[in-house]
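Trainee: Please pick one part of this model and look at it closely with me. Then help me place it in the rest of the chain.

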Amino acid sequence: MNLLENMSRIQPFVDKLQNESFSTMFKLLQERVDYPESFVTMLGETSSGKSSLINGLLGQEVIYTSARPTTGTIVELYEYDIDEKITPYALVNNAKLRKLTDAQFHEQCLTPSEDVLRLRLHVPMMPRQLQGMRLFDTPGYGSIHDKHEEVLTQFVPNSDVIIYVVNYRVGIGEADAEFLQYISNYLQDDLTFFLVINRVPEGITSDNARIKEIVTYAKDLLHEDIQHFLVQSISGNEVKLPHAPGLWDAVRKEIQSPERQQLINDVLLNYQIQLLQDIQLEWQKKVVGVRLSDESIQQVQQEIEELKDKQKEAYELIQKTFNTIEVKLPRLFETANNHMHQSISSEIKNANKWTSAEECIGYTSAHLMPRYEKLERRKITDYIDQEITILNDKLNELINQAFIDFTKNIEIISNEFEPILQGFSKKIATRTTDTILKSFLSKFGGRGGAGAGVANLGKKVMKKAGGLVGKKFTRDQYNQLAKFLKKIGATSTRNLTIAVTIALEGIFYVIEANRWQSRLIKDVQKALNTWQQDTLKDVQLDMVELRQTNIEMVNECFDELISTFNQLDNTLEIKEMDAWQKEIDDLQNLLNEMTRG
């Protein structure tokens with residue numbers, strides 16, 4: 001079924017409804033249908049050559065490159081034929097685009113202003129026939145800072161293709177290994193991973209021992225086979241514009257594959273169906289409202305107030321759980337610190353175990369501290385997992401019972417509500433599991449729009465979500481919790497690595513008889529205190545976000561049902577009933593065509 005034709009058939013229904021909310025949703029969906037892009041994210045350490053690869057693709061040095069570490073920001077490229085040449089913009093905090101000069105763009109690449117969310121390059125025509133690709137160049141780990149979390153939680157999970165770049169001479173370092181292990185959690189059938197080994201000396205091929213070592217290590221970290229590409233180094237003083245035709249041809253083949261295009265088509269069709277279902281319910285409300293008495297409408301409002309009370313009860317459950325976790329977290333981290341210090345100190349004091357001070361210091365840094373950090377971190381994440389899982393079960397029970405009671409009472413008030421209940425139940429059953437239409441479109445606006453972000457249409461896989469009742473309303477929350485716990489692991493490991501590096505960097509200068517063990521134990525404690533302080537702070541901030549996610553999930557469940565039955569109106573002219581009923585019938589005919597399609 002042709003998506004553009006569908007939009008032209010949906011528009012008259014939107015226009016007749018004269019509802020600003022539906023008009024806005026229609027416009028945003030129209031933009032998505034017009035430009036159904038795939039999302040490609042470039043990852044890699046600082047100075048691995050990601051920006052140079054993009055410059056090579058564009059055929060000119062557009063993105064500033066530098067050997068020195070920089071603050072960095074995310075740069076987004078997509079085809080936009082309104083601009084006659086490659087034109088830079090900044091997406092700022094007020095969700096507006098600000099046009100930049102080339103000099104301003106280079107400045108923002110190095111040190112972005114506080115109000116800049118990310119940078120954009122409008123490309124009149126993507127090279128190598130890469131139409132339909134939106135490309136994101138992310139900062140290296142050494143320069144990400146606060147952008148690091150956005151890359152972890154937004155860009156990796158929502159990408160169609162990941163291009164991971166490593167330097168031939170540097171290989172896969174500790175930061176790469178940590179990041180690749182994190183990425184492995186998201187490698188599914190709809191996410192493609194390409195490994196790029198950059199700046200390879202001339203004459204080196206895939207048979208080279210160094211290349212084999214890098215590729216094998218990456219495969220082990222990702223737990224699956226991967227495609228890899230070699231990009232030769234550029235010699236001399238010429239502008240660094242490396243060519244990678246094999247890589248970009250593979251990206252084009254992937255994003256333009258019939259399977260991915262069909263997936264995107266199916267998702268957009270589902271959003272069109274959702275929009276029609278919402279419109280149909282609005283027309284049904286008009287018809288039902290005319291047939292209801294004032295008393296019946298008042299009774300419905302009373303039932304809605306009961307539903308709102310249940311919504312408040314769900315809020316209270318959320319607040320109680322997260323308040324409990326908030327109080328306990330500092331004690332858990334303090335206990336973890338003490339356990340780690342006792343265990344590590346005991347091993348350091350075992351003098352017969354070490355052949356030299358250097359050996360003990362190196363082993364403590366590389367093995368002891370990471371090992372005990374993982375053990376203690378697991379206890380903390382298990383506690384959080386248990387508390388949130390219990391909360392989810394309570395919310396499921398509360399929400400389902402609230403919906404059952406509401407439905408039963410509404411049916412008692414009037415059998416006129418049967419079409420609305422059937423329509424609402426059908427709508428819930430065909431919703432995508434990770435978002436409803438309104439929240440998707442409001443968060444991820446259309447082409448170049450204020451909200452345009454990493455919203456991968458191909459990820460919005462359609463699955464039946466169950467009926468009006470008996471549904472796992474918190475399915476998304478379980479997924480969010482899993483991501484959250486993985487993020488704690490990445491954050492904790494990163495903080496420990498930084499703390500250990502800073503605390504132990506000077507100890508080799510004081511290695512003397514009978515002194516190094518006490519100094520090492522003291523510096524281990526200093527590193528653990530830093531780890532405890534920084535990781536606790538990060539987890540507390542993440543808990544605020546997870547609390548809000550729970551609240552939004554509850555709002556999504558209740559608000560959808562409340563809005564469907566709210567604001568019933570019996571003051572409209574009954575003579576218009578036939579026209580309204582015709583709209584409902586026409587909508588149903590179109591829905592039947594689209595669902596059969």
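Mentor: Happy to. Helices here are DSSP runs of H or I with at least four residues, strands are E runs with at least two, and both are numbered from the N terminus. With those terms, Gln129 is found in the loop between β5 and β6, and that is the part I would choose. Keep in mind that this is a predicted model, in which local features need pLDDT of at least 70, side-chain atom pairs count only at pLDDT 80 or more, and totals for chains, interfaces and linings use all residues. Residues are numbered from 1 along each chain as its sequence is written, and side-chain values use heavy atoms, with hydrogens and water left out.

Let us start inside the loop. It joins β5 (116-123) to β6 (133-137), and Arg128 lies in it too. Most residues other than glycine have a negative phi. Arg128 is not a glycine, yet its phi is positive, about 55 degrees. Gln129 also has a positive phi of about 55 degrees, again without being a glycine. For accessibility, buried means under 20% relative accessible area, exposed means over 50%, and partly exposed is in between (1.4 Å probe, protein chains only). By that scale Arg128, at 37%, is partly exposed, whereas Gln129, at 53%, is exposed.

Now step back into the strand that leads to this loop. Leu121 is found in β5 and is buried, with a relative accessible area of 0%. Contact means heavy atoms within 4.5 Å. Leaving aside residues up to four places away in sequence, Leu121 touches Val62, Ile63, Val75, Glu76, Leu77, Tyr78, Ile86, Thr87, Pro88 and Phe105. One of these partners, Pro88, sits 33 residues from Leu121 in sequence, with 4.6 Å between their C-alpha atoms.

A second link across the sequence involves Asp81, in the loop between β2 (75-79) and β3 (87-92). Asp81 and His122 are 41 residues apart in sequence, and their C-alpha atoms are 7.9 Å apart. Unlike the buried Leu121, Asp81 is exposed, at 59% relative accessible area.

How does this part fit into the whole? The protein has 17 helices and nine strands. Of its 597 residues, 52% are buried. Long-range pairing is also plain in the totals: among contacts with a separation of 6 or more, 85% are between residues 24 or more positions apart. One far-reaching pair is Asn323 and Arg547, which are 224 residues apart along the chain but have C-alpha atoms separated by 9.7 Å. Asn323 is found in helix α11 (residues 294-349) and is partly exposed, at 38% relative accessible area.

For contrast with the strands, look at two helix pairs. Axes are lines fitted to C-alpha atoms, for helices over the stretch in contact, and angles run from 0 to 180 degrees between N-to-C directions. Angles under 35 degrees count as roughly parallel, over 145 as roughly antiparallel, 65 to 115 as roughly perpendicular and the rest as oblique. Helices α1 (residues 3-17) and α2 (residues 20-34) have axes that come within 10 Å and cross at roughly 170 degrees, so the two are roughly antiparallel. The residues of their contact divide into ten nonpolar, three polar and one charged. In that count, Ala, Val, Leu, Ile, Met, Phe, Trp, Tyr, Cys and Pro are nonpolar, Asp, Glu, Lys and Arg are charged, and the others, Gly among them, are polar.

Helices α7 (residues 174-183) and α8 (residues 209-222) pack at about 45 degrees, with their axes 8 Å apart, which makes α7 oblique to α8. Ala177, Leu180, Gln181 and Ile183 of α7 make this contact with Tyr217, Leu221 and Leu222 of α8.

Finally, a word on confidence. On pLDDT, the predictor's confidence in each residue from 0 to 100, the protein averages 81, and 82% of its residues reach 70 or more. Over residues 143-147 the pLDDT stays under 50, and the model has ten contacts for them beyond four places in sequence. It also stays under 50 over residues 460-475, where the model has 51 such contacts.
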